[in-house]
Amino acid sequence: MDNSQITSQGRMEGWLHLIRSNRIGLQYSRKRYFLLEDHFLKSFKSVPHSKNEDPVRSAIIDSCIRVTDNGRESIHRKVFFIFTLYNTSNHNDQLKLGASSPEEAAKWIHSLQEAALKLLIFYASRLSGSSRASHTKSIDWTLCSGTHMEQVTADVIAPSPWTIFGCQNGLRLFKEGKDRGSRGKWDDHPAIMAVGVVDGTSEAIFQTLMSLGASRSVWDFCFYRGCVVEHLDGHTDIIHKQLYSDWLPWGMKRRDLLLRRYWRREDDGTYVILYHSVFHKKCPRQKGSVRACLKSGGYVITPMNHGKKSVVKHMLAIDWKCWRSYLQPSSARSITIRMLGRVAALRELFRAKQGNYSSPEFLSGELTRNMRMHQTDGNMVQMPTEDGNSKENTSEEVDQVSSEHASLVGLNDAADEFFDVPEPSDYDDSENGWTSDFGPEMNSQDTRHPKISTAAGFVRKLHDLAVQKRGYVDLQGTAKEDNFSCCYGTTLQKDPTCTLPCSWTSTDPSTFLIRGKNYLQDRHKVKAKGTLMQMVAADWLKSDKREDDLGGRPGGIVQKYAEQGGPEFFFIINIQVPGSTTYSLALYYMMTTPVKDAPLLESFINGDDAYRNSRFKLIPYISEGSWIVKQSVGKKACLIGQALEINYFHGKNYLELGVDIGSSTVARGVVSLVLGYLNNLVIEMAFLIQANTEEELPEFLLGTCRLNHLDAAKAVLLKPSSRLSSSSQGPVRN
């Protein structure tokens, strides 16, 4: 049960654990009572008895503070759900906290993000003469209030690929149709989905589904035993499942599965668990069993009836690896349908327990604790005392508060490293039912994330995947070593017919839903009618380092227009996927009308990074591809700057946004999955600036794009000489 709560005064308070590394590199935790009130985060060793009680430590949550979701981690045999606060102006200034459940972690992440947003708007309103100050006067606080949680609904109008074909044991059964123009072979083993209602909370069901201990045999009639082969990060691991043979057709050998498992929690409490088969050197095929291939599969657990019940969707597209002469496709499909019947078993389990089932062996023995913990960087910083008159500061004083008083390092209680006596409950596994998932034999990659979903939140490198599933793309392995001269804006071809692989075009704006004129009153979204800008070019690049400020480089489309001195203005979105080879997808949008004719865009261009991060929005859509990728990406609008780090470059006739995918563990997990299926995907996106006030509504799309079957091998390798920027009128990093 969560111990944190949001009070009627809008305060967030409860017990959390400080996560630190001591001088010899071992992680430890210290239980502290945290109070978030207005924009002050305070730490106490016990529950404060009065408002006047002084905290042990305190910090200001201002517009420079980001919150990252680091997922699950085990410390001293106790599972925590970790999130990290860090200062964008000083990445050594960070604070790592652990909650007892994913629900509790989500509440704190949301409240902290809301506090930073509110202070950003307050600062903007105090800056007299600001071009965006007038846009913050009628802000609707329910848009970011912790008391108003919208259900995660799609912002894309798209037909459902699922068709119902039956009902069995109280479960509706669906089959997935083939995408038009799909180049993959997914229909060789079509995806089948079972949908049922379970009398339990989404968190309890998630806990039960993630368990690989003996308690799983209480409901999963297919499951014999399982373990975690490798822990990749807090949201991703490699697991091995061995199945019983008595539920399979007579004469069929026992099957096992080696899977990459990824999970996340949506803002409305929905949990998503995704699987697909992989190869791993630590878990070769075993004698006496046949390794089946799960091409796509997983669970979606959505709360309903105020969280008391949940809709559980279970999908499988699996190749049972049978001789075709022995097992007809209809028989293979019947095995898959029988396996989907586990949802009914799960339903009966929770019905017997009246929705309160909690696995006592959740994740027990699954993972190992990585003893090579990194020490926290940075020096200790003296924390300020609370200034009750801070809201009366001038703009100069506000800047001073942001730069000097937002330090998080001081909340770490370094003095407690060896001498603070832990509370008995610190290592009591029965406190929340989430027992340790760290076993003595596995090898974990428990790396510290110095930087940053819905959302969100976040290490510089994309996973160098040690395992590759059949058909998975190894970007490092497919990269060609040929050098090409680069003319920026021409490396990815345009194809309005959407038939050529590795090409781009614009997509229909009416596919996407945006906030209407009366959104603040009715929360109604409408079809977009057009775009403010026109997509004119795209780049698909690879390099040995991150490639920033493409718009400022000579010879490219942006600089050619700049030399002509015309009215054209470019908006460039540079999506960067770091790794041993860094890939950059740059999308170029152009407008010929004056920027001042679009006040919201003008405010965005002239605003600071904090303002931009709170407004820039992406709506993604996988129009062709497998279910696992579609489920991973989703169709919900996302404030990119709240989950990922964005670097802004402002030139005379352009603004470029460098979106660092490597700054978020959640985003890295999604992108690493997408890259594995890249050749078989059609990706559509829309970009816009979020409107928060009546004056700014209705919203408008900046632009859209459609990317057709991208190929990592066709990305253009940049020469060092191609990276030189214009020296006469270079851009400003702001």
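This passage describes the confidence, sheets, cores, aromatic pairs and selected backbone features of a predicted model.

The protein chain has an average pLDDT of 78, and 72% of its residues reach a score of at least 70. Confidence is highest in strand E32, at 97, and lowest in helix H7 (residues 475-478), where the mean is 35. The pLDDT falls below 50 over residues 360-406, a stretch that has 121 contacts in the model beyond near neighbours in sequence. It is also below 50 over residues 416-432, for which 40 such contacts are found in the model. Where pLDDT is low, the predicted coordinates should not be read in detail.

An open sheet of six strands has the order E20-E21-E32-E31-E27-E28, with mixed pairing. Its edges are strand E20 (493-494) and strand E28 (638-639); each has a single partner strand, so one side of each is left without a neighbour in the sheet. Within this sheet, strand E31 (residues 682-689) and strand E32 (residues 701-708) run antiparallel and are joined by seven bridges. One of the residues involved is Phe687, whose bridge partner in E32 is Gly703. The loop between E31 and E32 contains Pro698. The peptide bond leading from Leu697 to Pro698 is cis, with omega near -5°.

A further antiparallel pair is made by strand E12 (residues 223-233) and strand E13 (residues 236-243), between which there are eight bridges. The two strands form a hairpin, with two residues between them. In this pair, Glu230 has Ile238 of E13 as its bridge partner.

The largest nonpolar core holds 73 residues, and the members that touch the most others are Phe571, Leu587, Leu601 and Leu707. Helix H14 (residues 665-676) supplies the largest share of this core, with seven residues. The surroundings of Leu707 draw on several parts of the sequence. Apart from neighbours within four places in sequence, Leu707 is in contact with Leu492, Ser503, Trp504, Leu585, Leu587, Leu681, Val682, Ile683 and Met685. A second core, separate from this one, has 67 residues, among them Leu18, Ala59, Val67 and Val228.

By the distance rule applied to ring centres, the model contains 16 aromatic pairs. In one of them, Phe604 and Phe616 are tilted, with 6.2 Å from centre to centre and 40° between the planes. This pair links distant parts of the chain, since Phe604 lies in helix H10 (residues 599-606) and Phe616 in strand E27 (residues 616-624), 12 residues apart. Both phenylalanines, Phe604 and Phe616, are buried. Ring pairs also connect these two residues with Phe571, Tyr589, Tyr648 and Phe687 in a cluster. Two members of this cluster appear above in other settings: Phe571 in the largest nonpolar core, and Phe687 as the bridge partner of Gly703.

Helix H2 (residues 202-210) is largely enclosed by the rest of the structure, because nine of its nine residues are buried. The buried residues of H2 include charged and polar side chains as well as nonpolar ones, among them Glu203, Gln207, Ile205 and Phe206.Strand E18 (residues 309-319) contains Val311. The C-alpha atoms of Val311 and Thr270 are separated by 9.5 Å, and these residues are 41 residues apart along the chain. Leaving aside neighbours within four places in sequence, Val311 is in contact with Val195, Gly196, Val197, Val300, Ile301, Thr302 and Met304.

The count of disulfides is zero. Two cysteines were examined for burial. Cys222 is buried, with a relative accessible area of 0%, and Cys293 also counts as buried, at 14% relative accessibility.

Two residues other than glycine with a positive phi are found in loops. Asn169 has a phi near 55° and lies in the loop between strand E9 (162-168) and strand E10 (171-176). At 53% relative accessibility, Asn169 counts as exposed. For Asp549, phi is about 55°, and the residue lies in the loop between strand E24 (534-543) and helix H9 (557-564). Asp549 counts as buried, at 6% relative accessibility.

Definitions and conventions. Residues are numbered from 1 along each chain as its sequence is written. This is a predicted model: local features need pLDDT of at least 70, side-chain atom pairs count only at pLDDT 80 or more; totals for chains, interfaces and linings use all residues. Side-chain values use heavy atoms; hydrogens and water are left out. Two strands pair if DSSP finds at least two bridges between them. Helices (H or I, at least four residues) and strands (E, at least two) are DSSP runs, numbered from the N terminus. pLDDT is the predictor's confidence in each residue, from 0 to 100. Contact means heavy atoms within 4.5 Å. A nonpolar core is a set of buried Ala, Val, Leu, Ile, Met, Phe, Trp, Tyr and Cys residues joined through side-chain atoms within 4.5 Å. Buried means under 20% relative accessible area, exposed over 50%, partly exposed in between (1.4 Å probe, protein chains only). A disulfide is a pair of cysteine sulfur atoms within 2.5 Å. Rings of Phe, Tyr and Trp (its six-membered ring) pair if their centres lie within 6.5 Å; planes under 30 degrees apart count as stacked, over 60 as edge-to-face and the rest as tilted.
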